[in-house]
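Q: Please take a close look at the largest pocket of this model. I would like to know what lines the pocket, and how the surrounding parts of the chain are arranged.

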Amino acid sequence: MKRFFGLSLAVLIGAILLYLSRFWVFDLWSRPGLFGWKELSPNGGLLGRWLRGTELAPFELLVWAVGVFLLLTWLQKAWSRLNL
């Protein structure tokens, strides 16, 4: 059961990280946004929208990669400590 929970959590986090990137290709909900939130459009690419107008906008992919690496490192450490 512990392994199933870990794999489910990994898939969920992977889907969220993919949605944040510009590589989201799925169109799973209607145009107004998920649960009526216009900020959660079906196109994904949230990080690009958050960085628009900043000095980091040209480095969106690099910011995403570093953020994913740091988040996954932190989650692995937390999972290791909880999974003694």
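A: A pocket is understood here as an open set of grid points that has protein on both sides within 12 Å along at least five of seven lines. The model is predicted, and the largest pocket in it has a volume of about 300 Å³.

The lining of this pocket includes Phe5, Gly6, Leu9, Ala10, Ile13 and Gly14. Leu72, Leu75, Gln76, Ala78, Trp79 and Leu82 also belong to the lining. Two elements, helix 1 and helix 3, each contribute two or more residues to it. In character, the lining consists of 9 nonpolar and 3 polar residues, with no charged residue.

Helix 1 deserves a closer description. This helix runs over residues 2-20, 19 residues in total, and spans 27 Å from its first C-alpha to its last, which is close to the 27 Å expected at 1.5 Å a residue. Its buried residues are Ile13, Leu17 and Tyr19. They lie on the same side of helix 1, because the arc they cover around the axis is only 160°. Of these, Ile13 is also one of the residues that line the largest pocket. The buried residues of helix 1 pack against helix 2 (46-51) and helix 3 (60-82). The face turned away from that buried side bears Arg3, Phe4, Leu7 and Val11, which are exposed.

The loop that leads from helix 1 to helix 2 contains Phe23. With a relative accessible area of 43%, Phe23 is partly exposed. When residues up to four places away in sequence are set aside, Phe23 touches Leu18 and Leu61. The separation between Phe23 and Asn83 is 60 residues along the chain and 32 Å between their C-alpha atoms.

Helix 2 includes Leu51. Leu51 has a relative accessibility of 11% and therefore counts as buried, the limit being under 20%. Beyond its neighbours within four places in sequence, Leu51 is in contact with Leu56, Ala57, Glu60 and Val63. For Val63, the C-alpha to C-alpha distance from Leu51 is 9.5 Å, at a sequence separation of 12 residues.

Ala57, one of these contacts of Leu51, is found in the loop between helix 2 and helix 3. Its relative accessibility of 30% makes Ala57 partly exposed. Ala57 touches Leu51 and Arg52, residues up to four places away in sequence not being counted. From Ala57 to Leu18 the C-alpha to C-alpha distance is 18 Å, with their positions 39 residues apart in sequence.

Helix 3, a contributor to the lining of the pocket, also holds Arg81. Arg81 is not part of the listed lining. At 68% relative accessibility, Arg81 counts as exposed. Arg81 and Phe26 are 55 residues apart in sequence, and their C-alpha atoms are 35 Å apart in space.

In summary, the pocket draws on helix 1 and helix 3 for two or more lining residues each, its lining has no charged residue, and the buried residues of helix 1 pack against helix 2 and helix 3.

Notes: Residues numbered from 1 in each chain as written. Predicted model: local features only at pLDDT ≥ 70, side-chain atom pairs only at ≥ 80, totals over all residues. Heavy atoms only, no water. Helix = DSSP H or I, 4+ residues; strand = E, 2+ residues; numbered from the N terminus. Expected span 1.5 Å × (residues − 1). Buried < 20%, exposed > 50% of the residue type's maximum accessible area, 1.4 Å probe, protein only. Arc of directions from axis to C-beta. Contact = heavy atoms within 4.5 Å. 1 Å grid on protein atoms, 1.4 Å probe; cavity = no way out; pocket = protein on both sides within 12 Å on 5 of 7 lines; lining within 4 Å. Points joined across faces, edges and corners; volume = space filled by probe spheres on them. Nonpolar A, V, L, I, M, F, W, Y, C, P; charged D, E, K, R; others polar.
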